[in-house]
Amino acid sequence: MGTKAETVDFLLDQLGAPPSIRTHRMFGEYALYCDEKVVAFVCDDELFIKPTAEGRAWIEASEPVDEAPAYPGSKMYFRIGGDRWEDRDWLGELVRITAAALPL
């Protein structure tokens, strides 16, 4: 199906799109970068954050973690529901926490 550009535009707007955040389109889907690290994928208009212990703790502080593959055959990622996209501060912090926990 592929992700709509409007979906990615909305996510970037919610994240404030500072210079440290960008996306790259690949095969109709998108990789989300923070500080030049891939922190998430947007596939079929859904957001999948790379799993880290720190990210799990952040999510579990407010709700159960939903894990799913981003695409067929992928490992499990944290699937972030659309209602959480509306909470700009929560989402931005999750992306920052994830980026800080990932190696270069």
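**Exercises on strands, cores and a buried arginine**

Isoleucine 21 stands opposite cysteine 34 in β2, and the exercises below, which concern a predicted model, begin from this pair.

**Exercise 1.** Work out how strand β2 is joined to β1 and to β3, and in which sense each pair runs.

*Solution.* Begin with strand β1, residues 21–26, which runs antiparallel to β2 and is joined to it by six bridges. In the hairpin that these two strands form, two residues lie between the strands, and phenylalanine 27 takes a positive phi near 55°. Turn next to strand β3, residues 37–43, which pairs with β2 over five bridges, again in the antiparallel sense. Here tyrosine 30 stands opposite valine 42 in β3. The hairpin of β2 and β3 also has two residues between its strands, and in it aspartate 35 takes a positive phi near 55°.

**Exercise 2.** Determine how many residues of β2 are buried, and which of them point each way from the strand.

*Solution.* Strand β2 covers residues 29–34, and six of its six residues are buried, so that it counts as mostly covered under the cut-off for buried, which is under 20% relative accessible area. Sorting the residues by direction, Glu29, Ala31 and Tyr33 point one way, while Tyr30, Leu32 and Cys34 point the other way.

**Exercise 3.** Identify the residues that touch the most other members of the largest nonpolar core, and the element that gives the most to this core.

*Solution.* The largest nonpolar core has 23 residues, of which Leu32, Val39, Leu47, Ile49, Ile80 and Val95 touch the most other members. Two or more residues come from each of α1 (5–14), β2, β3, β4 (46–49), β6 (76–80) and α4 (88–101). The most is given by α4, with five residues. Apart from this core lies another, of eight residues, among them Tyr33, Phe41, Cys43 and Ala68. As a last step, consider valine 95: leaving aside its neighbours within four places in sequence, valine 95 is in contact with Leu15, Ile21, Leu32, Cys34, Val39 and Ile49.

**Exercise 4.** Decide whether arginine 84 is buried or exposed, and find which side chain makes a polar contact with the side chain of this arginine.

*Solution.* Locate arginine 84 in helix α3, which comprises residues 82–85. Its relative accessible area is 13%, and because buried means under 20%, arginine 84 is buried. The side chain of arginine 84 makes a polar contact with the side chain of glutamate 63, at 2.9 Å. Leaving aside neighbours within four places in sequence, arginine 84 is in contact with Ser62, Glu63, Trp90 and Leu91.

Key: Residues numbered from 1 in each chain as written. Predicted model: local features only at pLDDT ≥ 70, side-chain atom pairs only at ≥ 80, totals over all residues. Heavy atoms only, no water. Helix = DSSP H or I, 4+ residues; strand = E, 2+ residues; numbered from the N terminus. Buried < 20%, exposed > 50% of the residue type's maximum accessible area, 1.4 Å probe, protein only. Polar contact = N/O pair within 3.5 Å; in protein donor to acceptor, adjacent residues only side chain to side chain. Contact = heavy atoms within 4.5 Å. Pairing = 2+ DSSP bridges. Core = buried A, V, L, I, M, F, W, Y, C linked by side-chain atoms within 4.5 Å.
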